[in-house]
Amino acid sequence: FIFDNSYIEEASVRIELYENGEYHGNGSGSIITPNGLIATCSHVVHDQNDIKVVVSFRISNGQQFKVLNLADVQLNYAGQLKDDITIKPTIDKMIKKLNPTIVTLSGDYGWKGGEGMGKDEILKCVDEICDCLEEYNINYYFVYGNHDREKAKDYELAEVINSHKHGHIEKGIELDNNYGNYTIEIQNQNAKPIHAIYMMDSHDYFHGEVDRTQVEYRGEGYDKKTIANVKYNRLTPGDSESPFIVNDVRYDCIHKDQADWYDNEVERLNKCESTIITHMPINGFTYAFENYMDAVNKKEYDRIKSYKPIGPCRQEETCSGGVYDKVIYESIQKYGSTKNVIAGHDHINDFSLLYNDVRFTYAVKTGDGCYWKNDGTMNGATLLTINDKGVGKVSQHYWNPFTHQEIDYYEPIL
């Protein structure tokens, strides 16, 4: 069946009807026409802007639902996959080896230094990545990264993605013109939600003035009161002249209206276990790593084990935005139902740590685009495996395109 020129196979869909933002009920059924008419529960709706589609999958007892995340694919030019020796072979290796139910992509699909990649080229790169994934006959789901909209618009990228049979990105109708805020539901055989994957947009860069009252300052030499009273004007991405940069605030993050959306989704799904997939790491990544390294430096081995580190836990930096990050972090802590947050962006980070009952995982980078660990030892993908009770476990999977060495890391059993 077809929605917005995209196919969603092996899934059930609930259609929620809204008028002027007011909820008017829901139902399930088949979307049967490719020309904009949608049929469900004997109703035909002509205006797709009044429709919210929730993608849901149903698993039976004893089954697993496997989500393979590809991070920071970042083609350097359109046509790269034709002769590429790292990105496409890595995708092929990970999909064939891990046999995922679906694939998610956590942002950044093209990159070019200087002025950045032009609109036509980034659209071609996204199209090329989609063409590559179509070969596997698996549904795949996007969120955007900070580089994807430097020249292209949300809707232009979405049109390319959704024109492919298995490609998908949803527009969150609660959030003005935001693509990449949508829910993938996993249900048990009785149609009860047991796990939710919240695909969340972390935007790109700050533009204009930013209200610094939301900032939690984590540097040295400036007191919190001073920082809170500063309005910071981001002139150009990467500008570092202001002494009031906090947690690398040239990058944007998850906003308060998205945290409100998250709250509503958690309530709607009765606080079932969930995972957030986004591009920019939230502040929880910083908290987790700082506390873990404090335990390492103090050689407090029981405390180290309590973080249940997966793999070598390497870290270059943590570029959390620092403004509204704490809002989504507070929502996560308030409900206690999100057990995994998976992010990309920082290419030679791969730590996965349990902190305050939430696992913060840097997704393993896929391929050599933009920059990577040049010896190929930090290349692969991240897998989220959800059982029939809705419990999700993360594992990190590596494949070296030069030596063909394979390494797999799973959560330690204490």
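Biologist: Let's start inside the fold: which elements do the buried residues of α2 pack against?

Modeller: This is a predicted model, and in it the contacts of α2's buried residues reach both strands and helices. Those residues include I122, L123, V126 and I129. Their packing partners are β8, α1, β9, β10 and α3 (154-162).

Biologist: How far does α2 reach from its first C-alpha to its last?

Modeller: α2 has 16 residues, and at 1.5 Å a residue the expected reach is 22 Å. The value computed from the model is close to that, at 23 Å.

Biologist: Which helix gives the most to the largest nonpolar core?

Modeller: The largest nonpolar core has 59 residues, and L68, L70, L105, V126 and F142 touch the most other members. V126 is among the buried residues of α2. With eight residues, the helix that gives the most to this core is α2 (residues 119-134).

Biologist: Which residues does F142 touch, leaving out those up to four places away in sequence?

Modeller: F142 belongs to strand β10, which spans residues 140-142, and is one of the core residues that touch the most other members. Its contacts beyond four places in sequence are L105, Y109, V126, C130, I161, H168, I169, Y182 and M199.

Biologist: There is a second, separate core too; how many residues does it have?

Modeller: Its members include Y262, V266, Y292 and Y362. Of these, Y292 is also among the buried residues of α6. The second core has 34 residues.

Biologist: What is the strand order of the open seven-stranded sheet?

Modeller: The pairing in this sheet is mixed. β11 (167-168) and β22 (406-410) each have a single partner strand, so they stand at the edges with one side left without a neighbour in the sheet. From one edge to the other, the order is β11-β10-β9-β8-β20-β21-β22.

Biologist: Which residue in β11 is the bridge partner of Y141?

Modeller: Strands β10 and β11 run parallel and are joined by two bridges. On the β11 side, the bridge partner of Y141 is H168.

Biologist: What angle does the direction of α1 make with that of β21?

Modeller: Helix α1 (residues 87-98) packs on the sheet, where it touches β8, β9, β20, β21 and β22. Between the directions of α1 and β21 (392-399), the angle is about 135°.

Biologist: Now for backbone angles: is N99 buried or exposed?

Modeller: Most residues other than glycine have a negative phi. N99, however, has a positive phi of about 50°, and is found in the loop between α1 and β9. Exposed means over 50% relative accessible area; N99 has 56%, so N99 counts as exposed.

Biologist: And H203, buried or exposed?

Modeller: H203 also has a positive phi, near 65°. Its place is in the loop between β13 (193-199) and β14 (208-211). The cut-off for buried is under 20%, so at 11% relative accessibility H203 counts as buried.

Biologist: Which residue with a positive phi follows α6?

Modeller: Helix α6 covers residues 283-297 and reaches 21 Å, close to the 21 Å expected for its 15 residues. Its buried residues include F285, Y287 and F289. The residue that follows, with a phi near 55°, is K299.

Biologist: Finally, what percentage of the chain's residues count as buried?

Modeller: The chain has eight helices and 22 strands. Its accessible surface comes to about 17,500 Å², of which 46% belongs to carbon and sulfur atoms. Of its 414 residues, the share that counts as buried is 56%.

Conventions:
Residues numbered from 1 in each chain as written. Predicted model: local features only at pLDDT ≥ 70, side-chain atom pairs only at ≥ 80, totals over all residues. Heavy atoms only, no water. Helix = DSSP H or I, 4+ residues; strand = E, 2+ residues; numbered from the N terminus. Buried < 20%, exposed > 50% of the residue type's maximum accessible area, 1.4 Å probe, protein only. Areas by Shrake-Rupley, 256 points an atom, 1.4 Å probe, with all protein chains shown as cover. Pairing = 2+ DSSP bridges. Contact = heavy atoms within 4.5 Å. Axes fitted to C-alpha atoms, helices over the stretch in contact; angles between N-to-C directions. Core = buried A, V, L, I, M, F, W, Y, C linked by side-chain atoms within 4.5 Å. Expected span 1.5 Å × (residues − 1).
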